[in-house]
Amino acid sequence: MTGYIIREATPDDAAAILVHNEIIANEPDNGITRGPGENMTLEEEQTFLKNSLATDNWLMLVAITPESEAIGILGFQGGRRKANRHEGEFGISVNPEWRDKGVGSALIQHMLAWAKGTGFITRVGLTVMTHNERAFHVYKKMGFELEGCKRAALFKEGRYVDVYMMGLLLMDRT
Ligand SMILES: CC(C)(COP(=O)(O)OP(=O)(O)OC[C@H]1O[C@@H](n2cnc3c(N)ncnc32)[C@H](O)[C@@H]1OP(=O)(O)O)[C@@H](O)C(=O)NCCC(=O)NCCS
């Protein structure tokens, strides 16, 4: 296994990201909303990455090897209205062979540094399936707090799944 770097994704990364997404989507009990056959086309992914680069409160990060293999991604999308521009949610996934090696934590650190650097993003949120213990552990470790539980929020592999809502404030709230 070689090293990797984390950087903002560009439309040129679309094919590598789709390969990564396909691996995650086909994992049993994969922890993400998307399932097999629900990935974007290459053109849709390229357009999404272009829009992400052009939007000041969106971020798409890729952890990528020197061989251009995407081994992890993190996508943050902020609100589009004046009232919610300051907040957004992210999704994250790491290639199974690269888990428990710090890639997920490093992606979240990068995203939080970027969010603080924008000067206006002051809240980062997420949802996580209640049985996704590894992800929950990582989020708690990074400072996210449990804010609530949405019951039967997802229907995955023939059963309803509850999700936790978590959030991190990047401001002193009075
Ligand atoms: C969740 C995910 C992004 C984390 O990425 P990662 O690169 O494995 O995370 P890290 O290596 O930075 O950290 C993993 C931590 O979880 C811990 N961990 C592993 N399995 C665990 C478990 N079953 N229960 C609790 N903690 C666990 C590790 O010990 C490590 O803790 P530490 O940093 O305190 O030592 C990755 O596992 C993943 O892609 N999972 C599948 C998709 C998914 O669930 N995405 C999140 C949707 S909300």
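## Strand β5 and its neighbours

G88 stands opposite V124 in β5. That residue pair belongs to a predicted model, so here is a quick tour of what sits around the strand.

On one side, β5 teams up with strand β4 (residues 87-94): the two run parallel and share three bridges. To get from β4 to β5, the chain goes through helix α3 (residues 103-118), and the resulting β-α-β crossover is right-handed.

β5 also pairs with strand β7 (residues 159-169), this time in the antiparallel sense, with seven bridges between them. If you want a spot to look at in the viewer, try M129, which has V163 of β7 opposite it.

## How enclosed is β5?

Strand β5 covers residues 123-129, and five of its seven residues are buried, so the rest of the structure largely encloses this strand. Buried here means under 20% relative accessible area.

As background, side chains in a regular strand alternate between the two faces of the sheet.

## The cavity

How many cavities of 30 Å³ or more does a search of the whole structure find? There's one. The volume of the largest cavity comes out at about 40 Å³.

Which residues line the largest cavity? They are D29, H131, K156, E157, R159 and V161. Sorted by class, that lining has four charged residues, plus one polar and one nonpolar. Two of the lining residues, R159 and V161, fall within the 159-169 stretch of β7, the strand that pairs with β5 in the antiparallel sense.

Conventions: Residues are numbered from 1 along each chain as its sequence is written. This is a predicted model: local features need pLDDT of at least 70, side-chain atom pairs count only at pLDDT 80 or more; totals for chains, interfaces and linings use all residues. Side-chain values use heavy atoms; hydrogens and water are left out. On a 1 Å grid over the protein atoms alone, a cavity is a set of points where a 1.4 Å probe fits but cannot get out, and a pocket is an open set with protein on both sides within 12 Å along at least five of seven lines; lining residues have an atom within 4 Å of a point. Grid points are joined across faces, edges and corners, and a volume is the space filled by probe spheres set on the points. Ala, Val, Leu, Ile, Met, Phe, Trp, Tyr, Cys and Pro count as nonpolar, Asp, Glu, Lys and Arg as charged, and the others, Gly among them, as polar. Buried means under 20% relative accessible area, exposed over 50%, partly exposed in between (1.4 Å probe, protein chains only). Helices (H or I, at least four residues) and strands (E, at least two) are DSSP runs, numbered from the N terminus. Two strands pair if DSSP finds at least two bridges between them. A crossover is right-handed if, with the strands pointing away from the viewer, the path from the first strand over the helix to the second runs clockwise.
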